[in-house]
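These are my notebook entries on a single protein model. I set down what I looked up, entry by entry, with the cut-offs that I applied.

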Amino acid sequence: MELTFNRLFTYLIPYLLGGISVTLSVSSLALVIGAVGGLLLAFLRVYGGRAVQVLMTIFSAVFRAIPQTILLLLLYFVIAGSINISAYWAGTLSLAVISCVYQLEIFRSAIESVDYGQMMAARAIGMSHLKAVFYIILPQALRRALPSWANEAAGVIKASSLVYIIGVVEIMRLAQYEIARSRQPFAVYIAVALIYFACTYLTNFALRKVERRLAIPDIS
């Protein structure tokens with residue numbers, strides 16, 4: 001046990017950290033692209049016409065009902081088959097599409113949580129609907145979305161481990177190489193779990209700091 005413990009911290013974790021840059025870059029890009037897409041779709045869901053709202057509802061329900069692994073593979077073959085790009089970018093864009101659907105619901109809930117009376121007040125003083133959305137509704141909605149968005153950020157980091165199945169060399173792919181060499185899956189997966197725990201904990205810790213700094217004071 002002592003030998004396994006020493007090996008965990010002196011060899012396995014340092015070895016697996018060789019893929020941390022790929023894991024974090026895939027996660028960051030997927031999260032940012034998904035946030036932009038999710039926010040745009042959320043505005044369509046809330047402020048679009050009846051037909052657009054129904055379409056967005058169906059789109060969200062279908063994508064959230066499909067297991068992420070299956071969805072990743074489907075999107076990977078569609079993207080890689082349509083555009084000549086690397087597995088890294090195909091996997092990143094696939095994760096971005098998956099995250100986009102979940103962020104759509106996060107931003108939709110946040111937008112709808114802002115009292116509609118504020119929109120009416122903004123219109124009453126002469127602001128256009130678009131200006132009211134961007135200057136009154138959006139700043140409050142983004143702040144209110146932050147706690148749920150922090151959970152999504154942690155989820156995207158963990159979901160990035162799925163890209164190993166399409167050949168992207170990140171933490172999980174390096175773990176598979178090490179398991180094939182050492183035949184010690186338990187120790188390797190413990191090391192993987194510790195790395196992902198550290199990544200998600202630090203991400204949530206940082207975002208909680210941001211959330212507290214940007215919190216909207218309660219108004220009676």
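**Entry 1. Disulfides and cysteines**

I searched the whole structure for disulfides and found zero; the criterion was a pair of cysteine sulfur atoms within 2.5 Å. A disulfide is a covalent bond between the sulfur atoms of two cysteines. I then looked up the accessibility of two cysteines, where buried means under 20% relative accessible area, exposed over 50%, and partly exposed in between (1.4 Å probe, protein chains only). Cys 100 counts as buried because its relative accessibility is 11%. Cys 199 is also buried, with a relative accessible area of 13%.

**Entry 2. Basis of the values**

I note that the model is predicted, that local features need pLDDT of at least 70 and side-chain atom pairs pLDDT 80 or more, and that totals for chains, interfaces and linings use all residues. Residues are numbered from 1 along each chain as its sequence is written, and side-chain values use heavy atoms, with hydrogens and water left out.

**Entry 3. Overall layout**

I counted nine helices and zero strands in the protein; these are DSSP runs numbered from the N terminus, helices being H or I of at least four residues and strands E of at least two. Along the sequence the pattern reads α-α-α-α-α-α-α-α-α. Taken along the principal axes, the C-alpha atoms fill a box of roughly 70 × 45 × 25 Å. Of the 220 residues in the protein, 42% are buried. I also examined contacts, meaning heavy atoms within 4.5 Å. Among those between residues at least 6 apart in sequence, 75% join residues at least 24 apart.

**Entry 4. Helix H7**

How far does H7 span between its end C-alpha atoms? For residues 129-159 I obtained 37 Å, whereas a straight helix of 31 residues would span 45 Å at 1.5 Å a residue. The expected span is 1.5 Å times one less than the number of residues. I located a kink of about 50° at Leu 146, shortly before the proline Pro 147. The bend is the angle between axes fitted to the seven residues ending at a residue and the seven starting there.

**Entry 5. Nonpolar cores**

I looked for nonpolar cores, each a set of buried Ala, Val, Leu, Ile, Met, Phe, Trp, Tyr and Cys residues joined through side-chain atoms within 4.5 Å. The largest has 45 residues, and those touching the most other members are Phe 43, Leu 95, Ile 98, Phe 107, Ile 111, Trp 149 and Val 163. At least two residues of this core come from each of H2 (20-47), H4 (68-82), H5 (87-113), H6 (116-124) and H7. H7 gives the most, with twelve residues. A second, separate core of 18 residues includes Leu 8, Ile 13, Val 188 and Tyr 196.

I followed Ile 98 further: leaving aside neighbours within four places in sequence, Ile 98 is in contact with Gln 68, Leu 71, Leu 72 and Leu 75. Ile 66, in the loop between H3 and H4, is 32 residues from Ile 98 along the chain, and their C-alpha atoms are separated by 9.9 Å. Ile 66 is partly exposed, since its relative accessible area is 27%.

**Entry 6. Buried hydroxyl residues**

Which side chain does Ser 60 join in a polar contact? I found Glu 105, at 2.7 Å; a polar contact is a pair of N or O atoms within 3.5 Å, one able to donate a hydrogen and the other to accept it within protein, and residues adjacent in sequence count only if both atoms are side-chain atoms. Ser 60 belongs to H3 (residues 50-65) and is buried, with a relative accessible area of 0%. Beyond four places in sequence, Ser 60 is in contact with Val 101 and Glu 105.

Ser 160 sits in the loop between H7 and H8 (171-182) and is buried at 1% relative accessibility. Its contacts beyond four places in sequence include Thr 23, Leu 95 and Tyr 196.

Thr 200, in H9 (residues 185-214), is buried at 12%. A polar atom of the Thr 200 side chain lies 2.9 Å from the backbone oxygen of Tyr 196. Outside its neighbours within four places in sequence, Thr 200 is in contact with Ala 154, Ile 157 and Lys 158.

**Entry 7. A positive phi**

Most residues other than glycine have a negative phi. I recorded a positive phi of about 60° at Arg 183, which is not a glycine. Arg 183 lies in the loop between H8 and H9 and counts as exposed because its relative accessibility is 70%.
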